[in-house]
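Good morning, colleagues. Please bring up the sequence and the model on the screen, and I shall go through the main sheet and its surroundings.

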Amino acid sequence: MSEILVRGLPEDVRAWIASESHENHLSQNEFVLRVLHRAYSGRGSNNGQLPLFPPPSASRSEPDTAVPFSFIDLFAGIGGLRIALEAVGGKCRFSSEWDKHCQRTYKAWFGETPSGDIRRINPSEIPDHDVLTAGFPCQPFSIAGVSKKNSLGRAHGFKDVTQGTLFFNLATIIEAKQSPVLLLENVKNLQSHDGGRTWSVILSTLTGLGYRVFAKVIDAAGWVPQHRERIFIVGFHRRIFGEAPPFTFPEEPNRPAPKLRDILEEQPEAKYTLSDQLWGYLQGYAKRHREKGNGFGFGLINPDGISRTLSARYFKDGSEILVPQGARRPPRRLTPRECARLMGFPDSLPIVVSDTQAYKQFGNAVVPPVAEAVARQVTKVLRWRVATRGNGCLLKSRTVRVLGEIDGCAGERKRG
Ligand SMILES: C[S@@+](CC[C@H](N)C(=O)[O-])C[C@H]1O[C@@H](n2cnc3c(N)ncnc32)[C@H](O)[C@@H]1O
């Protein structure tokens, strides 16, 4: 809908539309569309108001895929993956995140402080679960002290190859807990990192641990007004789900992608405007690089488009995503709340840390609506598992045991 005709408005509402559209340099048509769009997305206010017209993906626990399952949240950050899994019926049983600022946000949002350093957590302390989710950091692997020959024939080569990396800790937990499903997220270049070696070690480790692995780079631009490509890795244990679980990654939502205009605050504080000095520096820097034929430089947004990727470095000068403010004023950086929206975090979640920490946290996070779309596809496989293998209680799968409860095999569960 690009045109809108509104009849029968009271005089005071008409006057309000006229003055607001004038102040915002919009036509009345554009202004009314913007108000409607914000009502649809629940944005445009800081009061945590829910969307007036919930979009399809925001409807929690759709009946066709809703499944009760448990999960653990490792390398949790501020819980972007948790938001996604809870939205499709998951119940979090354990979380780990060592950064104290992230822990603060996590506590404010979910009421619990995650356990700290994953390297100090014994897998026996981690409760059983159906889904293991993690946005693990990516590090290069080197074979330390063990020749390739020696590592052959061992139960899982990953122990030699990944020793000393966080992926080693992750794989050790996966092996110990026999997590039925994995939902991992990482940067797009995981596949090309260290000449492709990192990716091949990850893939062969997960396959060696018994998983059928699916991976796809997804651009969040279908869900939020940001170009953000991230790799999602989903694993199903073959012992439980067989060789060919019917998993597919989600399609982009079937509705117009949101625009940056929809996430901008009406009256951001003046402190977000760049100083003349910084703005001058950024322009000079960009000019020098242009002259050398390089594309580096600041990124001024078009409010009707999408932004570049929000990075964890955004707090430094915010140069990759700047909001123009007319010819006379330097542009401004996004506010932390705008960053939250750019990532798809709802306004109802309070920002409880400093601006610097908030920028870092949102820049490091997963986009919850994208992860939710992936998680929803996972729940379809859980349902398929129950539907195709009866109540499935003969298998010692926590997934199946949980699913068994809703499929009436709680008695079997007690025996198992
Ligand atoms: C890419 S971020 C994950 C972001 C998360 N998916 C989100 O939505 O916020 C990786 C996280 O792993 C945490 N981390 C790194 N090393 C860790 C360790 N040894 N123990 C626990 N957490 C760790 C970092 O502090 C960081 O928050």
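Ile72 stands opposite Phe94, a residue of strand E2. The strands to which I refer, and the helices as well, are DSSP runs numbered from the N terminus, with at least four residues for a helix (H or I) and at least two for a strand (E). E2 covers residues 90-95 and pairs with E1 in the parallel sense over 5 bridges. Strands count as paired here if DSSP finds at least two bridges between them. From E1 the chain passes through H3 to E2, and this β-α-β crossover is right-handed; that is, with the strands pointing away from the viewer, the path from the first strand over the helix to the second runs clockwise.

Two remarks on the basis of all this. The model is a predicted one, in which local features need pLDDT of at least 70 and side-chain atom pairs count only at pLDDT 80 or more, while totals for chains, interfaces and linings use all residues. Residue numbers start from 1 along each chain as its sequence is written.

On its other pairing, E1 is joined by 4 bridges to strand E3, residues 131-134, and the two run parallel. Phe71 stands opposite Val131 in E3. Is E1 enclosed or open to the outside? It is largely enclosed by the rest of the structure, because 5 of its 6 residues, 69-74, are buried. Buried means that 20 or more other C-beta atoms lie within 10 Å of the residue's own, exposed means 12 or fewer, and partly exposed lies in between, with C-beta atoms placed from the backbone.

Let me widen the view to the whole sheet. Its 6 strands form an open sheet with mixed pairing, in the order E2-E1-E3-E4-E6-E5. E2 and E5 (211-219) are the edge strands, each pairing on one side only. Neighbouring strands are turned by 20 degrees against each other on average, direction ignored. The pairing of E4 (residues 181-187) with E6 (residues 229-237) is antiparallel, over 7 bridges, and there Glu185 stands opposite Phe232. Helix H13, residues 368-388, packs on the sheet and touches E1, E3, E4, E5 and E6; its direction makes about 160 degrees with that of E4. Such axes are lines fitted to C-alpha atoms, for helices over the stretch in contact, and the angles run from 0 to 180 degrees between N-to-C directions.

I return to H3, residues 80-87, where Ala84 is found. Ala84 counts as buried because it has 27 C-beta neighbours inside 10 Å. Which residues does Ala84 touch, leaving aside those up to four places away in sequence? They are Pro368, Ala371, Glu372 and Ala375, where contact requires C-beta atoms, placed from the backbone, within 7 Å. Ala84 and Val374 are 290 residues apart in sequence, yet their C-alpha atoms are 8.6 Å apart in space.

Next, the ligand. It is surrounded by 20 residues, the closest being Phe75, Gly77, Gly80, Gly135 and Ala365; a residue qualifies if its C-beta atom, placed from the backbone, lies within 6 Å.

Finally, a backbone detail. Gln178, in the loop between H7 (166-177) and E4, has a phi near 50 degrees, a positive value in a residue other than glycine. Asp194, in the loop between E4 and H8 (197-208), likewise has a positive phi near 50 degrees.

Notes
Contact = placed C-beta atoms within 7 Å.
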